[in-house]
Amino acid sequence: MRKIFLIAAAGMLTLVSCQQKVSDAESMEVASVSDSLRIALANQDSLLTLMNDVADGMAQIKQMENILSTTTDMSLESQDKRKQLRNDILIIHQALQMRRDRLNELETKLKKSTGDNTTLQKSIQTLKQQITDQENTIETLRSDLATANASIQKLTANVDSLNTEVASITAAKNEIEEEAATLTSELNTCYYALGSKKELKEHKLIETGFLRKTKIMPQDFEEGYFTRADKRTLLNIDLHSKKANVLTNQPKDSYEIVDTPNGSKMLKILAPARFWNTSNFLIIEID
């Protein structure tokens, strides 16, 4: 009887032991599946984050393309935009490299993991191609920006050269205008002298003698005694005398001597061109 009982007890222990082994194996399998799912979910989350980052990168690149297409002028604002664009290109280039590194790391993890990762692998390859396309676009932008800067620098140099040439031409034009104005002024400069016979003779403007006609001296006269004037504006000369006589040979019909309200005489030039045609000097004898 006791022997039978021992045999039964041993059988029960064996059964319990077998059940425990089965339970442990099932727990390990469940834990393994759970880990695989957790890893797969983590990989999917990483991949989703990368997808969003790549999409953001594409949007940034498109924005930079638009900026570059509208910043070809030389305004200060456009120069600031181009400077900012260079900085943005550098930042995005670095971000693309980081995203590529993350994709490579994720791809390595998937290769080491068990299970079917075909869909994730395809997504990774697609993202890699997108990053490559973005890198190519960035390089094109960098090249276009450099070309634009070179063109603008050349244009700036041309403008500077043109400004220098214009300044030189303007200076020459101003000099010519000044010379023309000076020449015109000289051509329209006239001189007149008023004085008694004695005063005119003392200043060597005339020569007289007994029973001899008054003679105008052609040279060696005292030029400082004359008053300088402009033919274009000199139309009246107040003679400050009740008697006056024009000694130089201005045409008689080109002027007249009239009385003023205060009783003195005034010379009125009627035809300036003819009046000064024979000489730029006028000598008037007054008493």
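These legends go with several close-up views of a predicted model.

**View 1. A mixed sheet of four strands.**
Let's start with the open sheet whose 4 strands run in the order β4-β1-β9-β6, with mixed pairing. At its edges stand β4 (227–230) and β6 (244–246); each has a single partner strand, so one side of each is left without a neighbour in the sheet. Going from one strand to the next, the twist averages 30°. If strand pairing is new to you, here's the basic idea: strands of a sheet pair through backbone hydrogen bonds, either parallel or antiparallel.

**View 2. Y191 and its two partners.**
Now zoom in on strand β1 (residues 189–195). On one side, 4 bridges join β1 to β4, and these two strands run antiparallel. On the other, β1 runs parallel to β9, and 5 bridges join the pair. Which residues sit across from Y191? In β4, Y191 stands opposite R228, and in β9 its bridge partner is F281.

**View 3. Strand β9 and its edge neighbour.**
Is strand β9 (residues 281–286) mostly buried or exposed? Of its 6 residues, 5 are buried, so β9 is largely enclosed by the rest of the structure. Strand β6 runs antiparallel to β9, with 3 bridges joining them. One pair to look for is A244 with its bridge partner in β9, I286.

**View 4. T248, tucked into a loop.**
Follow the chain into the loop between β6 and β7, and you'll find T248. Buried means under 20% relative accessible area. T248 has a relative accessibility of 11%, so it counts as buried. What does its side chain meet? There's a polar contact between the side chains of T248 and Q250, at 2.5 Å. A polar atom of the T248 side chain also lies 3.4 Å from the backbone nitrogen of I283. Leaving out residues up to four places away in sequence, T248 touches F281, L282 and I283.

**View 5. An antiparallel sheet of three strands.**
Here's another open sheet, this one with 3 strands in the order β5-β8-β7 and antiparallel pairing. The edges belong to β5 (236–238) and β7 (255–259), each with a single partner strand, so one side of each is left without a neighbour in the sheet. The twist from one strand to the next averages 20°. Look at β7 and strand β8 (residues 265–269): they pair in the antiparallel sense over 5 bridges. Within that pairing, E256 stands opposite K268 in β8. As you trace a strand, remember that in a regular strand the side chains alternate between the two faces of the sheet.

**View 6. Two nonpolar cores.**
Where does the largest nonpolar core get its residues? This core has 16 residues, and I89 and I138 are the ones with the most contacts inside it. The elements giving two or more residues to it are α1 (2–69), α2 (76–112) and α3 (118–187). There's also a second, separate core of 15 residues, and L234, L239, Y255 and F275 are among them.

**View 7. K204, out in the open.**
Last stop: K204, in the loop between α4 (197–202) and β2 (206–209). Is K204 buried or exposed? Exposed means over 50% relative accessible area, and K204 has 52% relative accessibility, so it counts as exposed. You can also look for E222, 18 residues apart from K204 along the chain, with 6.5 Å separating the two C-alpha atoms.

Key
Residues numbered from 1 in each chain as written. Predicted model: local features only at pLDDT ≥ 70, side-chain atom pairs only at ≥ 80, totals over all residues. Heavy atoms only, no water. Pairing = 2+ DSSP bridges. Axes fitted to C-alpha atoms, helices over the stretch in contact; angles between N-to-C directions. Core = buried A, V, L, I, M, F, W, Y, C linked by side-chain atoms within 4.5 Å. Buried < 20%, exposed > 50% of the residue type's maximum accessible area, 1.4 Å probe, protein only. Polar contact = N/O pair within 3.5 Å; in protein donor to acceptor, adjacent residues only side chain to side chain. Contact = heavy atoms within 4.5 Å.
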